[in-house]
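I opened the model to look up a few local features. My notes are below, in the order I took them.

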Amino acid sequence: MALNVTQKLIKSHLISGEMKHGEEIGLKIDQTLTQDATGTMVMLELEAMGVKRAQTEASAQYVDHNVIQVDNKNADDHLFLQSATQRFGLYYSRPGNGVSHPVHMQRLAKPGKTLLGSDSHTCANGCMGMLAMGAGGLDVALAIAGKPIYIKMPQVWGVKLTGELPDWVSAKDVILEMLRRHDVKGGVGKIIEYYGPGLNHLSAMDRHVIANMGAELGATTTVFPSDEEIKHFLKTQGREEDWTELTADEGATYDLNEEINLSELVPLIAKPSSPGNVVPVSEVAGTPIYQSYLGSSANPSYRDFAIVSEIVKGKRAKQGVSFDVNPTSRQLLTDLVKEGHIANLLQADARLHQAGCNGCIGMGQAPATGRNSLRTTPRNFPGRSGTLEDSVFLCSPETAAASVLNGKITDPRTLGMPYPLVKDPETPTVDTKLLTEPLPYEEARKVELYKGPNIALIPEMDELKDELEIPILLKMNDNISTDEILAGGARVLPYRSNLPEISKFAFEIIDRTYYSRAKASTLEGGHAIVAGSNYGQGSSREHAALAPRYLGLRVSLVKDFARIHWQNLVNFGVLPLTFVDPDDYKLLENGDVLQLSNLREAVKSAKEFPISIKGKNRQNLVRHSMSERQIDVMLEGGMINWAKARQDETHV
């Protein structure tokens, strides 16, 4: 049987289940990735489960999100993460080394391997011929301990690329075209695999850009083949021996098929406040901007910065426009300095920030209220920038550069200058010290975990109750993101290791009264939320499930869930239910009281069961899609309880 690349990756790592769409499969994980916004909780979970040593081929902890040290919180957590990596045998990347995804690609990514990361953009490393998936922190902690990841077998969506990108159009426009066609739910339940002759004109980093924002389509991950271009990339990083060829067999087929002629693409832009709200740049040209922001894991390459440097060389940013440059790695920054590109950017009035995620996650560079921000970042969900009522557009580096010169959104094709030809350095900088190597086992066991005053242990969670009578505290619309459930940014993320404190920010973008009302509900047995489709899209941060659970959330009832958030709810004992009849959503209101009787047996014995609405003489039929394994996890109150009950299996 001819196999595509995705099928080869899954087949070679399959531990349980069959490769049939919708069936639960267990996959062996070779590598893991954690970052500081989620990794602190992962390290606490490793400690809680009694894990002694990472069982993966390589696990790396990056500090890239919370690098603004306005007080002791971030600095203390960085010390905790450093001590934890030493204790558990992980690589460590310190603040300033760069964003996890491109650094991992440079130093650790290997074709043919699996990678699980507690960051939804882990899928970026699918550019290397890897099966690279985002997941909640607890799933990653279990993978570090040597346990498989369980997912439902996705459909494989083959996207054939033909042609070659025209001038002023780049890889960001390719993924924006996918979002224009399919919106933020288009990839749910699918792995996107790119193939075809168009790949011959896309570099490894171009592929990274496309794979990165597969997360915005809701895809399980994105996969590219490992071909001569990936071999070349690894050679430039001094790692040619890590290359293996991995391509689709002749005659391989896909569950779904699509084609993109790269030659026909135009500069595109996602309008506020969704990555799927995509139109041609020409359609919004002339819109005034306050900020033009360059960087993030969605545009991390040398080319992405160098081409902007060449466009603005000898010119100045329009007066009144903030031109923000966020290098994505120390290695990249070194090359940009060597080649004179940083000087060009600074002379064009750019503000140079440290290597890291920074404003992408709302850690600095927040735009002014009521002003438009143009960004090369992957997301523009409401409030994600750090400004509550923000107006963020997503675009390519070319569009960002053209617009900063004019002070308004500008189609770069109208600049009236030749398209700059940018080539990577002949001998790029290779910084092998970006990652600190794991300590030997005996030395590692002597390391004491450093815990500053901001670290709070995870509270114990009770098991699923058999009888629930709980009010609906929030009713929400479609496409609620994890940024809206629990925001990122400089106010919130420093409390990532302190659940009681970070829970105070839960749902504040939607309803500032939620915290106080939810806190009160814990005395009465908890509460429920109701929402529309694609609930929990966006970031993989498990705090978006854990904080509401801490505040008494017992049931999330929606039309359908985003994959990672659904898994996180299961992991922390929040019952994820969907309407059998989506129109029943219209019949529920804030304040309605849900009555769930004989619940434990109902969850065990049936996928569908009724719930009653108190005082309304009405029932709604609901459904869950948990596997038998997940049902056991739910009944025990979450994955930590489940793992503790099986300590012999998780101690390694």
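The entries cover a sheet, a helix across it, one loop residue and some ring contacts.

**Entry 1, sheet.** I note beforehand that the model is predicted. I asked in which order the strands of the open sheet run. I read β11-β10-β9-β12, four strands with parallel pairing. β11 (221–223) and β12 (256–261) are the edge strands; each has a single partner, so one side of each lacks a neighbour in the sheet. I also looked up the turn between neighbouring strands, which is 25° on average with direction ignored.

**Entry 2, β10 and β11.** I went to the pairing of β10 (residues 190–195) with β11, which is parallel and has three bridges. Opposite Glu193 I found Val223 of β11.

**Entry 3, helix α6.** I checked which strands α6 (residues 171–182) lies across, and found β9 (155–162), β10 and β12. Against β12 the helix runs at about 125°.

**Entry 4, Ser170.** I located Ser170 in the loop between β9 and α6. Is Ser170 buried or exposed? Its relative accessibility is 4%, and the cut-off for buried is under 20%, so Ser170 counts as buried. Leaving out residues up to four places away in sequence, I list Leu165, Arg303, Ser396, Pro397 and Glu398 as touching Ser170. With Glu398 there is a side-chain to side-chain polar contact of 2.9 Å.

**Entry 5, rings.** I counted aromatic pairs and got seven. I then looked at Lys475, whose charged end sits over the ring of Tyr585 at 4.3 Å from the ring centre.

Note on methods
Residues are numbered from 1 along each chain as its sequence is written. This is a predicted model: local features need pLDDT of at least 70, side-chain atom pairs count only at pLDDT 80 or more; totals for chains, interfaces and linings use all residues. Side-chain values use heavy atoms; hydrogens and water are left out. Two strands pair if DSSP finds at least two bridges between them. Axes are lines fitted to C-alpha atoms, for helices over the stretch in contact, and angles run from 0 to 180 degrees between N-to-C directions. Contact means heavy atoms within 4.5 Å. Rings of Phe, Tyr and Trp (its six-membered ring) pair if their centres lie within 6.5 Å; planes under 30 degrees apart count as stacked, over 60 as edge-to-face and the rest as tilted. A charge sits over a ring if NZ of Lys or CZ of Arg is within 6 Å of the ring centre and within 35 degrees of the ring normal. Buried means under 20% relative accessible area, exposed over 50%, partly exposed in between (1.4 Å probe, protein chains only). A polar contact is a pair of N or O atoms within 3.5 Å; within protein, one must be able to donate a hydrogen and the other to accept it, and residues adjacent in sequence count only if both atoms are side-chain atoms.
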